[in-house]
Amino acid sequence: MLIELKNINKINITSFQNDLITWFQQEKRDLPWRKDRDPYKVWVSEIMLQQTRVDTVIPYFNRFIEWFPDIDALAEAEEDKVLKAWEGLGYYSRVRNLQSAVREVKEKYHGKVPDTREEIATLKGVGPYTAGAILSIAYGIPEPAVDGNVMRVLSRILLIWEDIAKASTRKVFEEAVRKLISHEDPSSFNQALMELGALICTPTSPSCLLCPVREHCQAFEEGVQNELPVKTKKTKTREVQLAAAVLLNEDGKILIHKRPSDGLLANLWEFPNVELHHPIQHERGTIMDLFENSLGLNVHLNKVIGQIEHVFSHLVWKIKVYIGTINNKIEENSEWKLVSTEEIEEYAFPVSYQKMYQLFLKQQRTPK
DNA sequence: TAACCGTGGCT
DNA sequence: TAGCCAAGGTT
């Protein structure tokens, strides 16, 4: 760590801070979470922005703040409505953790978001980056907020060759930021590093000729900006075969199921489905048996209406989609619901099952 | 440490 | 197109 950071001595820190912050003040994007420094809104935006693009987040952020304008509103909301607000954003545990943490802030901290790293970092879903982001942006405290942008930018400026895919590497950059950060304007400094990474110092083909801190950049000086940062490749995804069905009862209502409260897509809704472990199970009759065993209901699968391939970050679902019927009377409870096509809009589904529902609607429009 | 946890845009 | 990538956190 010390060996890497010797390159900090080559930086004129005051000049670097000034060039970076001046550029940021002139060029920063007008984003909805930059309208004020409300710690709650900063917090919501930082959670949404985790592994998610700015353009994707903007409409979600606006609607989320409209539905849940403050800590009280989110603390008191139904989880199903909170998940509906997050529908399509991905990484759904983020918002369940956020609501849990907001409730803790309401009860334990009288509704005020903590302003120390020790306290804020204990909140669910608030890791080292998010803690630093809230502390610096909402409270003006000079704490590092090291995300992928910051590691990319500083790896180039300081010529740091450590693998940023390794979790332990983040500490190297936090130490660097602690030495570089402006104590006059920590908020602008941290945001400027990220903004620079997003707009200028991009992963591929960085716009060095437009860069406000080019003269401080050791990678540019050596012509190796395209070799940084060092990031090892991830392992490839595994494949899961599923059969899923839109099942209608005698009244034309659709059977839906709430997923378990942990693991993939936790607490989101889905259509009944079974995993196909062996090739032999791909016969329709066998799949019907699997459904009946899994649901404890008399199921008839009418026909296949399509095939869906859905890619997650670490696995691929290949879903054979059926339309079918159920004869038995079903007891609705917290886990199983029979819903009309109007009522279904109130439930949060992952994108894979939204695609499946679109297949069903298309089938309804063009019967036989 | 490395796997898990989503989605959509880009090359 | 298939892989890479984006303001990470949890286990």
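A polar contact is a pair of N or O atoms within 3.5 Å; within protein, one atom must be able to donate a hydrogen and the other to accept it, and residues adjacent in sequence count only if both atoms are side-chain atoms. The structure is a predicted model, in which local features need pLDDT of at least 70 and side-chain atom pairs count only at pLDDT 80 or more, while totals for chains, interfaces and linings use all residues. Residues are numbered from 1 along each chain as its sequence is written, chains are lettered from A and ligands numbered from 1 in the order in which they are written, and side-chain values use heavy atoms, with hydrogens and water left out.

**Exercise 1. Describe the surroundings of DNA strand B.**

Step 1. A residue is near a strand if one of its heavy atoms lies within 4 Å of it. DNA strand B is surrounded by 20 residues, and R53, Y92, L265, H310 and H314 are the closest.

Step 2. Sort the residues by class: Ala, Val, Leu, Ile, Met, Phe, Trp, Tyr, Cys and Pro count as nonpolar, Asp, Glu, Lys and Arg as charged, and the others, Gly among them, as polar. The surface near DNA strand B has 10 nonpolar, 9 polar and 1 charged residues.

Step 3. List polar contacts. A polar backbone atom of Q51 is 3.1 Å from a base nitrogen of DNA strand B. Phosphate oxygens of the strand lie 2.4 Å from a backbone N or O atom of L265 and 2.6 Å from an N or O atom in the side chain of H314.

**Exercise 2. Do the same for DNA strand C.**

Step 1. There are 25 residues around DNA strand C, and Q51, G125, D147, N149 and P203 come nearest.

Step 2. By class, these residues are 9 nonpolar, 7 polar and 9 charged.

Step 3. A polar side-chain atom of R53 is 3.3 Å from a base nitrogen of DNA strand C. Polar backbone atoms lie at phosphate oxygens of this strand too: 2.7 Å for G125 and 2.9 Å for G127.

Step 4. Of the atoms of DNA strand C within 4 Å of the protein, 65% belong to sugar or phosphate, and the rest to bases.

**Exercise 3. Classify the ring pair F64 and W86, then the pair W317 and Y353.**

Step 1. Rings of Phe, Tyr and Trp (its six-membered ring) pair if their centres lie within 6.5 Å; planes under 30 degrees apart count as stacked, over 60 as edge-to-face and the rest as tilted. This rule gives 12 aromatic pairs.

Step 2. The centres of F64 and W86 are 5.9 Å apart and the planes stand at 80 degrees, so this pair is edge-to-face.

Step 3. Helices (H or I, at least four residues) and strands (E, at least two) are DSSP runs, numbered from the N terminus. F64 is in helix α4 (residues 54–67) and W86 in helix α6 (residues 79–86), 22 residues apart.

Step 4. Buried means under 20% relative accessible area, exposed over 50%, and partly exposed in between (1.4 Å probe, protein chains only). F64 and W86 are both buried.

Step 5. For W317 and Y353, the centres are 5.9 Å apart with 75 degrees between the planes, and the pair is edge-to-face. The pair ties together parts 36 residues apart in sequence, because W317 lies in strand β6 (residues 315–326) and Y353 in helix α15 (residues 351–365). W317 and Y353 are both buried.
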